[in-house]
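Student: I would like to go through the charged pairs in this protein. Could you take me through them?

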Amino acid sequence: MKRSIVSVALFALLFLSLGFNFIGSKSAYASISSAFPYYIDSDTGSKVYQITNQDGLNSITYYHQNPFIDNDWLLVKNLNNSLGQGYEYSKINIRTGIKTIVASRGTANGDNVFRDKLYAFHFINGNNGGDAWLGRLDLNTLQWEHFVYRDHSEDFFFAGGIAVNNDQTKIIWNEQSKSKPYRFKVQLFDMTSRQVFTLYEGADRIEHMVFSPTDPHLFTYINQDAGFKLGRVGIGDASQKRMEPLKLEGTYWTYPYFNMAHPFWSVDGKLYSDVLWHPNNPMGTYNLVSFDFTAIDPFGIVPSSKQTNRFIDNYYWNAHFNNNKSLLSDWFVGDGDPGNSGGQLYTNIFNILPSGKVRFTPIAKIQGVLPSEVNPCAHLLPSRDGVVMTWNHNIGSFNSAQNVFLAEISTQLQNEIISSETPQLQWHFDQTGDLEGWSMAHDINGNTNEWRLDLMINGNDPFILSPENLNIDAVSNRFIKIRMKNSTSKTLGQIYFITENDTNWDENKSESFSILPSNYTDYTEYIVDMGNNKKWIGKIKQLRIDPVTTGMIGETLSIDYITISNLSAQKNWNFNIKGNDEGWSAFNQMTRNVSDGILSLEVTGTDPYMISSDYLSIDAVNFKFMKIRLKNNSNKSLAQLYFVTNSDGTWDEAKSVAFPIKANSDYTDYIVNLSSNSSWSGTIKQIRLDPITTGNIGDKLFIDYIRILD
């Protein structure tokens with residue numbers, strides 16, 4: 001009995017072969033806000049939107065930093081020193097056009113978005129000569145947490161670069177001397193001990209620091225010698241307080257330490273170079289080389305066996321090549337000149353072909369005569385339907401010195417990216433007697449029967465183990481779906497995992513999820529967002545599933561299927577504007593308040609619910625899931641979603657889906673398969689949410705966001 005897996009919904013993109021014309025602010029492409037004007041790139045046909053329009057220098061974060069707060073929110077900064085404004089940071093929703101200022105004047109260059117936080121240098125007066133703090137800004141509450149203080153009278157001051165590791169336990173940054181022209185420091189702040197350590201002090205400037213996505217201690221940097229003449233790639237280890245130039249075996253490199261403009265990490269933890277030339281290559285062509293530090297000392301000589309050379313065919317290279325978590329290990333975004341455009345600079349998407357060659361696809365180019373400097377850092381949207389770029393741009397009405405642009409990418413290219421993802425892993429238990437590699441590991445027995453895995457508990461700690469060496473790419477596969485029938489009274493399950501770099505089973509690498517108890521007798525699909533766990537990174541080696549966290553001998557469960565996949569958000573209610581319900585109304589027997597990015601609810605009766613705006617026009621075929629982040633300060637453990645369609649406008653139980661929630665719990669993500677109700681079809685007109693199915697006066701609930709997923 002096979003079941004279909006949710007397909008990835010792709011946006012339909014419009015590619016027109018028109019010249020460089022400004023078409024106006026009304027967009028034919030529904031996913032990008034019509035608030036942004038756009039033009040059609042004459043060479044590629046891509047539609048290019050202008051996201052910023054303030055005076056001064058508008059930009060996204062640098063190539064190795066993450067500018068995305070969420071799928072739809074982009075962090076941008078504006079510098080307008082001519083008006084004495086200093087830096088201003090804003091988050092902009094590319095789907096709605098909503099802009100929210102999150103910091104101004106006091107924030108200096110050195111930002112780094114990580115999950116829902118902005119790490120930045122914070123200057124009290126907006127000037128580099130003023131008192132300064134290294135701090136963390138919460139982008140939802142807009143509250144600062146200060147870590148390191150620098151008095152303006154001190155010799156060393158914050159000098160820009162900053163990096164944060166995936167564990168959010170370590171921050172490294174640059175400092176520069178006021179009294180000595182060639183005196184620099186690299187400092188480390190340990191979030192656990194709250195101590196500052198000096199990793200480096202000397203005459204060379206250290207910059208472009210970035211942590212490995214799979215190792216919380218390893219980072220790379222560029223070491224420019226005094227006078228900034230030669231850039232040497234270096235490796236650092238925050239745990240060892242050690243930084244050294246990268247050493248390589250072989251004669252490939254053209255300099256003793258080899259010159260490369262910008263090294264970068266891929267999502268699988270390999271270090272890549274972006275400007276390397278081999279004497280056997282035609283002049284003007286470059287190679288993409290990766291270094292694998294697995295099982296070797298990164299401070300030792302990297303052997304040739306850990307170096308992989310890939311040829312960029314007939315490509316005149318520039319810089320700013322990056323992977324930025326949005327792409328897979330074989331896909332990248334970068335910029336450069338294809339070699340026949342008269343010095344024109346393009347934003348490109350690259351992929352490594354099975355042959356080992358690197359193919360590039362131009363997406364858009366800077367229009368007109370290039371200015372003396374460009375800042376073409378580019379990042380692929382998490383939704384993979386466009387590329388965000390910072391360009392110096394001076395043509396037509398796009399006359400600011402520097403702006404942020406967004407170029408759509410073609411449906412065909414989106415299909416190629418998606419089809420090359422790590423295949424979804426799925427176990428359907430369709431053959432009697434075939435466990436499909438799973439083992440009954442502890443306090444549980446089981447076997448497959450026609451189309452399900454039947455389980456019987458024989459102890460208090462039951463769990464099953466997946467096959468080993470799954471090689472799951474964590475970034476591209478963060479959602480685990482389990483369709484299960486629970487014949488016990490238990491209401492909590494748990495999923496553990498180990499990675500290639502961390503093979504210890506422990507609570508830190510686990511996610512619990514609520515399940516319906518035995519009085520709900522049907523099969524229910526539970527979706528667990530493993531990406532909420534900061535250790536879900538790199539390659540996932542094995543899974544352990546505790547269908548219930550505690551067991552009783554003789555209790556039974558049945559699993560229909562287990563799948564690992566990805567989902568992306570398309571319909572969002574984020575409650576980020578104070579007092580804005582974002583179209584939700586009819587708050588029955590509840591009072592509400594929107595503030596600090598949260599919809600706060602207090603129950604005033606037994607039947608609390610809220611209804612969305614009308615005419616949502618949700619395509620039920622392509623959008624089947626709801627994700628809600630909810631804090632439940634009540635003792636209730638069940639919520640329910642109702643819906644009406646364009647063809648059936650009656651509110652009733654037949655068009656509803658109940659789902660379990662945790663009683664008296666902090667913020668928790670719940671993902672609900674709405675298509676489990678066969679009436680979820682056609683076009684969804686409106687939805688109603690009962691955050692708890694029955695209420696007591698004084699019950700309090702808090703909603704961070706609600707999303708409809710594909």
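Tutor: Happy to! A salt bridge here is a side-chain nitrogen of Lys or Arg within 4 Å of a carboxyl oxygen of Asp or Glu. This is a predicted model, where local features need pLDDT of at least 70, side-chain atom pairs count only at pLDDT 80 or more, and totals for chains, interfaces and linings use all residues. Residues are numbered from 1 along each chain as its sequence is written, and side-chain values use heavy atoms, leaving out hydrogens and water.

Student: How many salt bridges does the rule give?

Tutor: Side chains of opposite charge can pair when their charged atoms come close. Under this rule, the salt-bridge count is 31.

Student: Which residue forms a salt bridge with D43, and is that partner buried or exposed?

Tutor: D43 pairs with K365, N to O at 3.3 Å. The two lie 322 residues apart, D43 in the loop between β2 (38-40) and β3 (47-50) and K365 in strand β29 (residues 358-365); strands are DSSP runs of E, at least two residues, numbered from the N terminus. Buried means under 20% relative accessible area, exposed over 50%, and partly exposed in between, with a 1.4 Å probe and protein chains only. D43, at 49%, is partly exposed, while the partner, at 6%, is buried: K365.

Student: What is the N to O distance between R478 and D529?

Tutor: R478 has 27% relative accessibility, so R478 counts as partly exposed. D529 has 3%, so D529 is buried. Their side chains meet in a salt bridge with an N to O distance of 2.7 Å.

Notes:
Helix = DSSP H or I, 4+ residues; strand = E, 2+ residues; numbered from the N terminus.
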